[in-house]
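Student: I would like a close look at one part of this model. Please take me through the place where two chains meet.

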Number of protein chains: 4
Amino acid sequence: MKNLKLASRATQEQTIITVGDVAFGRDFVVMAGPCSVESEHQTLETARAVKAAGADILRGGAFKPRTSPYSFQGLGLQGLKILDKARKETGLPIVTEVLDPRDVSWVAEYADILQIGTRNMQNFSLLKEVGTTQLPVLLKRGMFSTLDEWLNCAEYILSEGNPNVILCERGIRTFENYTRNTLDLSAVPAIKELTHLPIVIDPTHSTGKLSLIAPMSLAAVAAGADGLLIEVHHNPAQALCDADQALTPALFEELMQQLRPLHAYVQKLAHETTKNIVTD
Amino acid sequence: MKNLKLASRATQEQTIITVGDVAFGRDFVVMAGPCSVESEHQTLETARAVKAAGADILRGGAFKPRTSPYSFQGLGLQGLKILDKARKETGLPIVTEVLDPRDVSWVAEYADILQIGTRNMQNFSLLKEVGTTQLPVLLKRGMFSTLDEWLNCAEYILSEGNPNVILCERGIRTFENYTRNTLDLSAVPAIKELTHLPIVIDPTHSTGKLSLIAPMSLAAVAAGADGLLIEVHHNPAQALCDADQALTPALFEELMQQLRPLHAYVQKLAHETTKNIVTD
Amino acid sequence: MKNLKLASRATQEQTIITVGDVAFGRDFVVMAGPCSVESEHQTLETARAVKAAGADILRGGAFKPRTSPYSFQGLGLQGLKILDKARKETGLPIVTEVLDPRDVSWVAEYADILQIGTRNMQNFSLLKEVGTTQLPVLLKRGMFSTLDEWLNCAEYILSEGNPNVILCERGIRTFENYTRNTLDLSAVPAIKELTHLPIVIDPTHSTGKLSLIAPMSLAAVAAGADGLLIEVHHNPAQALCDADQALTPALFEELMQQLRPLHAYVQKLAHETTKNIVTD
Amino acid sequence: MKNLKLASRATQEQTIITVGDVAFGRDFVVMAGPCSVESEHQTLETARAVKAAGADILRGGAFKPRTSPYSFQGLGLQGLKILDKARKETGLPIVTEVLDPRDVSWVAEYADILQIGTRNMQNFSLLKEVGTTQLPVLLKRGMFSTLDEWLNCAEYILSEGNPNVILCERGIRTFENYTRNTLDLSAVPAIKELTHLPIVIDPTHSTGKLSLIAPMSLAAVAAGADGLLIEVHHNPAQALCDADQALTPALFEELMQQLRPLHAYVQKLAHETTKNIVTD
């Protein structure tokens with residue numbers, strides 16, 4: 001990773017990015033919510049459910065990058081206002097995607113974290129624009145990108161003056177077709193040795209399969225990830241996108257009952273092992 | 001390709017896009033020039049050389065999407081002015097990349113064809129913006145994209161009212177590492193059965209190897225491509241990017257001596273075969 | 001997975017395969033040892049170390065499939081005799097690779113588990129031959145194979161009358177080059193919903209990086225894997241193959257101190273969650 | 001390609017392998033016939049048709065490597081006898097696949113060229129066994145293999161004493177799903193600069209689409225390939241495998257009418273260009 005200046009592990013200790021009550025790089029942060037904001041009812045219902053289950057941050061898209069121009073493209077400003085309402089009611093900070101450099105300044109007024117999607121990982125204009133804000137940026141890995149390219153995209157943001165980059169692995173494209181993409185969990189320890197930036201896992205878009213989300217979330221904890229980004233919908237059957245991969249509130253709650261204890265246990269285990277080694 | 005409305009083969013005959021003296025979809029169009037505009041001297045020298053060798057259109061980047069923020073990013077407006085000068089002297093129309101939706105309107109004043117690069121194939125804001133112009137758009141395939149996704153990106157442009165889309169296959173990402181990417185030449189006949197839009201081949205970025213450019217250019221002709229996009233530099237050793245894959249003017253001239261006759265021969269062969277079949 | 005008859009999840013409960021004191025599909029089984037048997041000293045030293053650290057089974061190759069014909073190809077029969085000696089001393093059962101259908105019958109006299117390597121996953125003659133024995137077969141996933149193809153290879157073995165197939169995910173080939181292959185951990189829960197056969201993870205060959213082996217081993221436990229296959233060498237610097245990815249006995253011991261407790265904890269967590277759901 | 005000794009370009013001039021009336025490395029060789037030998041009628045009918053259209057060699061499988069153990073696996077010895085009969089009647093030499101090292105000696109009595117399939121590219125026992133014969137070997141590229149790995153497999157055969165290896169590119173596995181695999185035509189010039197062995201193209205298995213076979217065959221000629229391996233079936237609708245990708249005799253004849261003239265033209269073009277350069 002020869003070109004990295006600011007993102008390189010060598011330059012500093014673990015980056016800590018505080019959002020609301022939690023800190024990426026210190027806590028295990030769970031972001032959950034619908035793929036897209038479809039209505040006030042849908043968003044508020046889901047927000048209440050994920051809050052009740054213990055999520056830290058609400059996710060939801062107001063701008064949706066879709067393969068076809070004829071698919072639902074998101075509610076735009078109206079969607080952001082709905083997210084704002086959900087934040088006011090639940091207290092959950094908001095992570096939401098921005099697609100266009102022209103939208104960064106006003107979307108930033110509604111978002112607590114700006115998300116850069118996988119298709120825009122190398123949209124350098126957009127990276128530079130979010131780099132001029134001080135808002136945390138959730139930078140998804142391109143589904144076609146090496147770790148080197150990904151970290152250089154983080155470098156684009158950092159070099160504009162914004163140090164608050166959170167990396168998000170969301171699956172890479174391979175020949176395997178049982179899953180939507182192939183979740184590259186080895187990116188977690190790899191990224192931790194290459195950079196000081198926190199890394200979270202998106203088990204939903206990577207697997208694209210409801211049944212794989214819980215085991216991959218637990219595996220992400222054990223691999224050392226700093227958090228998760230999970231799709232939850234209060235009524236998945238009626239979702240306007242990704243209907244077949246959103247967790248119901250009940251499934252999400254069940255997963256949360258395992259995630260926090262497992263994270264605490266893994267931390268304890270690592271701590272004890274380190275202690276043994278030091279003592280030896 | 002179920003979502004396609006305007007780009008589908010079913011909707012119309014072959015699209016013909018006239019640029020200067022040539023027409024994509026009718027003629028075999030050769031676009032050649034440097035990866036990036038580095039100086040007036042370099043651009044004019046190269047423009048004269050490709051013109052002399054028989055190129056139809058001058059390529060050259062004023063904005064360069066680079067993996068690292070610390071690499072040369074292009075000369076911007078100054079680069080466009082140099083391209084304009086080269087056009088005035090040689091008569092060659094210009095194809096040049098645009099990276100940011102905010103730049104489309106003014107870059108369009110200098111360009112005869114707007115190029116959308118592989119990393120921006122699914123930059124939907126940019127696609128919509130070039131869709132509002134009537135300029136021909138050279139839409140490169142994402143290095144990670146299926147034909148379906150690519151054609152849907154063309155659909156984004158068409159659905160905004162701009163029918164002038166030229167597709168450009170430039171290699172896809174695979175495990176093979178002898179070449180920079182894997183040139184998917186089968187995309188040529190595949191695209192021809194799926195859409196009425198013309199398709200050209202970029203043998204430079206796909207192979208990334210000087211020795212493979214000529215054979216792959218000839219193969220592109222035989223596969224039925226509508227043209228080529230080739231990097232030529234008057235002095236490759238001093239190029240600021242892609243120094244090891246730009247053809248010298250001499251190599252380009254040698255290739256051109258084979259391209260045009262081969263194209264004529266392939267056309268004749270196809271014509272005769274069709275005639276035989278009709279007669280039978 | 002429409003063609004599966006015997007391997008399909010629908011046909012039966014979890015397959016349990018007992019080897020020595022442990023059972024795949026019931027216990028968490030750790031197989032460890034050198035890439036190849038190089039000498040009696042090396043093998044016995046390593047066998048003692050992995051036994052002391054708590055491994056269940058000794059791995060070691062007497063026949064090595066190598067990219068080049070000029071690389072070390074293994075000690076053959078002599079290697080098998082060394083493994084036999086190590087088994088007698090440590091009590092550890094042996095897993096070792098067989099490459100040629102002509103060798104199956106006599107290699108079977110030395111092995112407790114026959115390994116089919118990634119390059120031979122679709123060597124159907126070999127699959128049929130090991131299918132005629134009753135020895136457990138460790139079937140590695142082809143580095144290029146879909147889950148469907150992999151399970152059909154298991155079906156080849158099962159349909160010859162040998163029900164004792166253990167699947168082993170060892171990484172698939174992608175464009176990423178920081179790791180040797182991309183470990184597809186999502187294959188664990190996917191395989192568990194498709195088949196009743198046990199599945200283990202090879203964190204060594206998949207990542208090819210020493211620093212990633214421990215985190216990926218822990219992640220495999222959390223994902224629900226039935227065991228691990230790990231390279232350990234008593235003196236990695238002098239290994240004849242894979243010198244830079246074998247764990248030292250000390251690193252392996254440290255990992256083992258975390259693996260067993262984590263597995264117990266994950267089991268407990270899953271049990272409690274199920275209980276809660278049943279109670280609700 | 002640092003490990004190559006015998007296969008390296010540096011070691012000798014172009015290898016010429018004579019089979020019947022043609023020579024790989026000198027002539028453009030067309031091998032055609034059914035995927036598998038299904039019956040005497042089917043094989044003889046197809047053999048007559050491809051002979052009449054100008055094919056040089058008859059292809060046909062007596063042993064079929066199939067994903068599922070329950071699919072048709074070929075007629076075995078009976079199939080070889082049918083091929084022998086077709087050879088006697090048409091005079092066409094036979095290329096047929098061998099799957100098992102135990103079968104090499106007796107299959108060699110029927111075959112003029114032994115084919116190693118893509119799944120067996122790294123079946124080193126099989127490679128060594130065919131290396132002990134002097135029969136030409138058609139070595140297909142693994143669908144997951146780099147050029148380096150492929151050439152090392154040729155080296156396995158050469159190093160056993162058999163210099164007659166013909167390489168066959170048949171598509172590599174990528175994320176694209178419109179085609180069955182992605183035909184890597186750039187392998188042709190790449191292989192020509194790396195080795196002295198001839199290389200042919202399989203346009204059938206690579207594309208898996210009837211409509212793409214003719215354009216990719218023409219492109220292979222222009223890229224400099226030494227020949228083609230094409231599936232033809234006298235009645236594709238009734239084929240036991242690959243029914244939807246076999247050419248009818250009529251389509252094959254139409255293709256042949258273009259292939260030979262194109263090859264002659266490309267040779268002439270290359271000759272003239274070289275002459276011009278020499279003259280300059």
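Tutor: What follows is a walk across one interface, then a helix beside it, then a second interface. Keep in mind that this is a predicted model.

Start with chain D and chain B. The contact takes 46 residues from chain D and 46 residues from chain B. Together the two chains bury about 3,500 Å². Of that area, 70% lies on carbon and sulfur atoms. Three residues stand out on chain D: D:Phe175, D:Tyr178 and D:Tyr265. They supply 17% of the area that chain D buries against chain B, more than any other three residues.

Now the charged and polar links. Two salt bridges are counted between chain D and chain B. B:Arg141 forms a salt bridge with D:Glu176. The closest N and O atoms of this pair are 2.8 Å apart. Eleven residue pairs are in polar contact across the interface of chain D and chain B, with both residues at pLDDT 80 or more.

Which helices carry the chain D side? In chain D, α6 (187–194), α8 (210–223) and α9 (249–279) each supply at least two residues of the side that touches chain B. The largest share, twelve residues, comes from α9(D). Sort the residues of the chain D side by type, and you get 26 nonpolar, 13 polar and seven charged.

Next, symmetry. Turn chain D by 180 degrees, with 0.0 Å of shift along the axis, and it superposes on chain B with an RMSD of 0.0 Å. The two copies are thus related as by a two-fold rotation axis. In chain D, the C-alpha nearest this axis belongs to D:Ala219, 2.2 Å away from it. The same surface serves both copies. In numbers, 100% of the contact residues of chain D recur in chain B.

Look closer at helix α6 of chain B, residues 187–194. Six of its eight residues are buried, so this helix is largely enclosed by the rest of the structure. The buried residues in α6(B) are B:Ala187, B:Val188, B:Pro189, B:Ala190, B:Ile191 and B:Leu194. What do they pack against? Within chain B, the partners are α5 (147–158), β8 (165–169), β9 (199–201) and α8 (210–223). Chain D adds its own α8 to that list.

Now turn to chain A and chain C. Here the contact takes 46 residues from chain A and 46 residues from chain C. These chains bury about 3,500 Å² between them, with 69% of it on carbon and sulfur atoms. A:Phe175, A:Tyr178 and A:Tyr265 supply 16% of the area that chain A buries against chain C, more than any other three residues.

Two salt bridges are found across the interface of chain A and chain C. C:Arg141 forms a salt bridge with A:Glu176, and their closest N and O atoms are 2.7 Å apart. Twelve residue pairs are in polar contact across this interface, both residues at pLDDT 80 or more. On chain A, the elements that give two or more residues to the side touching chain C are α6 (187–194), α8 (210–223) and α9 (249–279). Helix α9(A) gives the largest share, twelve residues. By type, the chain A side divides into 26 nonpolar, 13 polar and seven charged residues.

How values were computed. Residues are numbered from 1 along each chain as its sequence is written. Chains are lettered from A and ligands numbered from 1 in the order in which they are written. This is a predicted model: local features need pLDDT of at least 70, side-chain atom pairs count only at pLDDT 80 or more; totals for chains, interfaces and linings use all residues. Side-chain values use heavy atoms; hydrogens and water are left out. Contact means heavy atoms within 4.5 Å. Buried area is the accessible area (1.4 Å probe) that two parts lose on being put together, summed over both. A salt bridge is a side-chain nitrogen of Lys or Arg within 4 Å of a carboxyl oxygen of Asp or Glu. A polar contact is a pair of N or O atoms within 3.5 Å; within protein, one must be able to donate a hydrogen and the other to accept it, and residues adjacent in sequence count only if both atoms are side-chain atoms. Helices (H or I, at least four residues) and strands (E, at least two) are DSSP runs, numbered from the N terminus. Ala, Val, Leu, Ile, Met, Phe, Trp, Tyr, Cys and Pro count as nonpolar, Asp, Glu, Lys and Arg as charged, and the others, Gly among them, as polar. Copies are superposed by least squares on the C-alpha atoms of residues with pLDDT of at least 70 in both. Buried means under 20% relative accessible area, exposed over 50%, partly exposed in between (1.4 Å probe, protein chains only).
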